Amino acid sequence: MLLNNNLKICRMLVKSDFQFHKAKNFVLILAAMSPWDYSIADGSAYTYWQQYNQNNKAITEKTVSEFRRRPEVQSVSALKSREMTLTASEELRQRIADYYNQPYDEKQTFRDTQAQYPEWIKGLDRMTETGEYTAVVIGMDGEYLNYVLENSPFTSGSFDEEKFFSGSCVIAGGAYYEGVSCPVAGETVELEGRKFQVLGSVMHDDTYLSGSDSKEADFSLVYILPLKVFDSLFPGQGFRQMAINIDHEQQDSFESYLDEYEQGIRRGVGITRRSEYQKNFEAARLNMVLVQMIVSAVLLTIALLNFLNLLVAKVFSRRKEFAVYQSLGMTKAQLRRLVVPEGVFYAVLMAAVLIPVTVLFARLALPGYVEAQTWVSAYTFSLTPLWAALLVILIFSVGTPWACLNFITKGSVQERMRRPEDGI
């Protein structure tokens, strides 16, 4: 398939101008990060850097049956694949040649855009010149089939469930780009001496496949058929991967089982867990707001310090005034009843401004801003930070005048009534 191996990783990061494959954006919502809860892949296909060894049998029928019997499991979908060399008809060779020789822009053809992938170019030339090409035959069921039908648009024909599962039809997959780059509906293909009718052709999105295929399959055509039909063609073939969905209420129990499974005698498989998606989501969500949180915390601290400075300045500027009051017989307790309500009054003024402004901004402005930034974010509204800030302001409004008053009333009234500039 076009843009395999190295491009499969790049496809996860950037969207190519020439989308032979559908670029996948692993969004930060769990359902978008993975179409299923758990993936269990053959050890040779655990990462995109690895080339799947189709002779491996780390995942067997017994393994699949064991997972299906788990009480937490709601569905188990399985997938097998095998590479084989086929010979294209003259009509198919010409169709492929015409497809990739069509202009991509004013300067290059579709074929030219892949010049940096020599194995892909070699595979295309082999097909157009000799007719030989590598086919990747994929047997699948359940969620894998649903994924292909949802994410790989048909370029000819359409899906007919009855015909597909009858065992006489296949779905042909070509490049993820408009136009037909593989056999079309109604044509036939021979696999292991058995002829199949092409039910339809699709722009094959292969990002559901674990690992990579061989270098010879850098350029390839894909044939998708039911898993039972695949087993009849290639008996004894091991599974490439499984997709598992569970009851999310029983996730902890299933994860404990997976821990035991990995620590047991079973080896040669790679497990991608739902809990990993959750951790990645939490980390990514924190990274999205961390800078804004730090900046907001700094600005809030500056604002609170300014408010604190206002309260301190108000009390210290009245040092001599309070000394005069005390000389006329006012007690320190009466001075506290004078300055503390003033501090509370300033806090009330702050609250009168902050509450409506914050609520209106959070309800009216922020949802649109968050939605404009990224569609994966779900905005939730909470006044907890506001109440926390107001509590701090209230504590400052009471505690600061009280503490400042205790400080400035130290010493005798006469000493405090003297002006510092008098030098007395």
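Two helices count as roughly antiparallel when the angle between them is over 145 degrees. With that cut-off in hand, one helix pair of this predicted model is a good place to start. Helix H3, spanning residues 61-68, packs against helix H9, spanning residues 251-263, at an angle of about 155°. The two helices are therefore roughly antiparallel to each other. Their axes lie 13 Å apart, and the crossing in which H3 passes H9 is right-handed.

Which residues make the contact between these helices? On the H3 side they are Thr63, Glu66 and Phe67, and on the H9 side Phe254, Tyr257, Leu258 and Tyr261. Sorted by class, the contact comprises 5 nonpolar residues, 1 polar residue and 1 charged residue.

From this pair, the view can widen to the whole chain. Its secondary structure amounts to 14 helices and 10 strands. Of the 424 residues in the chain, 43% are buried. Contacts between residues at least 6 apart in sequence join residues at least 24 apart in 80% of cases.

The interior is next. The largest nonpolar core contains 31 residues, and Tyr100, Tyr133, Leu191, Tyr223 and Leu225 have the most contacts inside it. Tyr133 offers a handy example to follow in the structure: leaving aside residues up to four places away in sequence, Tyr133 touches Met84, Thr85, Leu86, Thr87, Ala88, Leu92, Arg126, Met127, Leu221 and Tyr223. Apart from this largest core lies another core, of 20 residues, including Leu199, Val202, Tyr208 and Ile224.

How values were computed. Residues numbered from 1 in each chain as written. Predicted model: local features only at pLDDT ≥ 70, side-chain atom pairs only at ≥ 80, totals over all residues. Heavy atoms only, no water. Axes fitted to C-alpha atoms, helices over the stretch in contact; angles between N-to-C directions. Helix = DSSP H or I, 4+ residues; strand = E, 2+ residues; numbered from the N terminus. Parallel < 35°, antiparallel > 145°, perpendicular 65-115°, else oblique. Left-handed = near helix turned anticlockwise from the far one by under 90°. Contact = heavy atoms within 4.5 Å. Nonpolar A, V, L, I, M, F, W, Y, C, P; charged D, E, K, R; others polar. Core = buried A, V, L, I, M, F, W, Y, C linked by side-chain atoms within 4.5 Å. Buried < 20%, exposed > 50% of the residue type's maximum accessible area, 1.4 Å probe, protein only.
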